[in-house]
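Thanks for making time this morning. I would like to go through a few backbone details first and then turn to the pockets, so please have the sequence and the structure open as I talk.

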Amino acid sequence: MIYARIAGTGSYLPARVVPNSELEQRVDTSDQWIIERTGIKQRHLAAPDETTCDLAEHAARQALAAANCQPEDLDLIILGTTTPDRIYPSTACLLQARLGNHGAPAFDVQAVCSGFIYALSIATQFIQAGTAKKVLVVGAEIYSRILNWQDRNTCVLFGDGAGAVVLEASDTPGILSTHIHAEGQHNNLLSTPGTVDQGQIRNGAGFTEMQGSEVFKFAVNALSSVVDEALQHNQLQPSDIDWLIPHQANIRIIKATAKKLKLPMDQVIVTVPEHGNTSAASVPLALDVGVRDGRIQRGQTLLLEAIGGGFTWGAVLLKY
Ligand code: UT7
């Protein structure tokens, strides 16, 4: 049996930190409201000349170094993003050029906040099929570019960042299973509806629009069901999980999933207060934080999960 094993992790956050108090100057909100309803205290925002590929490159180089892997060793690059540098080529191709890899297939995955979970799932299939041996999987976003900074319903929630892992083929576990889903009928509950047409944005704005409480309810149910699915598939109990590494959208959603698993919060990696919701970057960023501060140890069992626009959602259960 070939497993896909995480050989190294990396992450990157832009230098500029924006506390809630700065947003109080822009929209009718308060530090207290944001903390109580979301858990977010601050977020990192990219500089005007920074690109998603810049963030991805920092995270990727860290992951490659941690995995003791050279860019030319990679035989696949998959990048989850909703905020690509260009309409095309893919940000994965731009990253490949930066890293100096030649010839490996490289493509983006668009699953919004589930982008990394989707990308990890796809990478795992390639490794298990024997088609790839070393895969770079990245989640990178400059979500701040698709936020309406006059809309308090959305602008307080998101941040920018990137996270990455190098996956390698291994005869020891490894990713145990991946579970991804979508329900496209809910496409309007969380969306950036605009289309580029003849050089103009048409058929809606280029900003994120969200019906927050509807998304919240769906998220709690979908995440609770997908973590069950992952555990049942592996005939594991919640008590077998060492760490939950959830999508960092809202501390209340994270607590609901932990409660469902009867997992104490000190077994949950929580970065939402410092990072906000970094969309496809949120799970690999949280993973890297937990690895680098020494909480996550080799041999432990990790449960990763995320949900995003689409709706898309999923979970990955793995031995680190
Ligand atoms: O990453 C993809 C997944 N995304 C998510 O999981 C996000 C899911 N949704 C949420 O996290 C929450 O629904 C929010 C944090 C977005 C909102 O929290 P809520 O408890 O669901 O509040 P709400 O939408 O029901 O709004 C409550 C009130 C409203 O005022 P009224 O209509 O009751 O007078 C909002 O206008 O809070 C108001 N509000 C704000 N007030 C101060 C909304 N945003 C703000 C704000 N500051 N930033």
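Pro89 sits in the loop that runs between strand E4 (76–80) and helix H4 (91–99), and the peptide bond leading into this proline from Tyr88 is cis, with omega near -5°. I should say at once that this is a predicted model, and that every value I quote is computed from it.

There is another cis peptide bond to look at, from Gly310 to Phe311, where omega is near -10°; Phe311 belongs to the loop between strand E14 (301–308) and strand E15 (312–319).

Staying with the backbone, let me take two residues with positive phi. Gln198, which is not a glycine, has phi near 55°, and its place is the loop between strand E10 (195–197) and strand E11 (200–202). Is Gln198 buried or exposed? With a relative accessible area of 70%, Gln198 counts as exposed. Lys262 is likewise a residue other than glycine with a positive phi, of about 55°, and you will find Lys262 in the loop between H8 and helix H9 (272–275). The relative accessible area of Lys262 is 75%, so this lysine is exposed.

Now to the pockets. The largest pocket encloses about 650 Å³ of space, and of the 31 residues that line it, Leu157, Met210, Gly212, Phe216 and Asn250 lie nearest its centre. Which element supplies the largest share of that lining? The answer is H7, with six residues, while helix H2 (31–38), helix H6 (152–155), helix H8 (251–260) and strand E14 are among the elements that each supply at least two. Sorted by class, the lining of this largest pocket consists of 16 nonpolar, 10 polar and five charged residues, and at least three residues come from each of domain 1 (3–172) and domain 2 (176–319).

The second largest pocket has a volume of about 380 Å³. Its lining has 14 residues, and the ones closest to the centre are Ile146, Thr192, Gly194, Val196 and Ile201. By class, the second largest pocket is lined by five nonpolar, six polar and three charged residues, and here too domain 1 and domain 2 each contribute at least three residues to the lining.

To close, if you keep one point from the pockets, let it be that the linings of the largest pocket and of the second largest pocket each draw on both domains.

Key
Residues numbered from 1 in each chain as written. Predicted model: local features only at pLDDT ≥ 70, side-chain atom pairs only at ≥ 80, totals over all residues. Heavy atoms only, no water. 1 Å grid on protein atoms, 1.4 Å probe; cavity = no way out; pocket = protein on both sides within 12 Å on 5 of 7 lines; lining within 4 Å. Points joined across faces, edges and corners; volume = space filled by probe spheres on them. Helix = DSSP H or I, 4+ residues; strand = E, 2+ residues; numbered from the N terminus. Nonpolar A, V, L, I, M, F, W, Y, C, P; charged D, E, K, R; others polar. Domains from an automatic or database assignment. Buried < 20%, exposed > 50% of the residue type's maximum accessible area, 1.4 Å probe, protein only.
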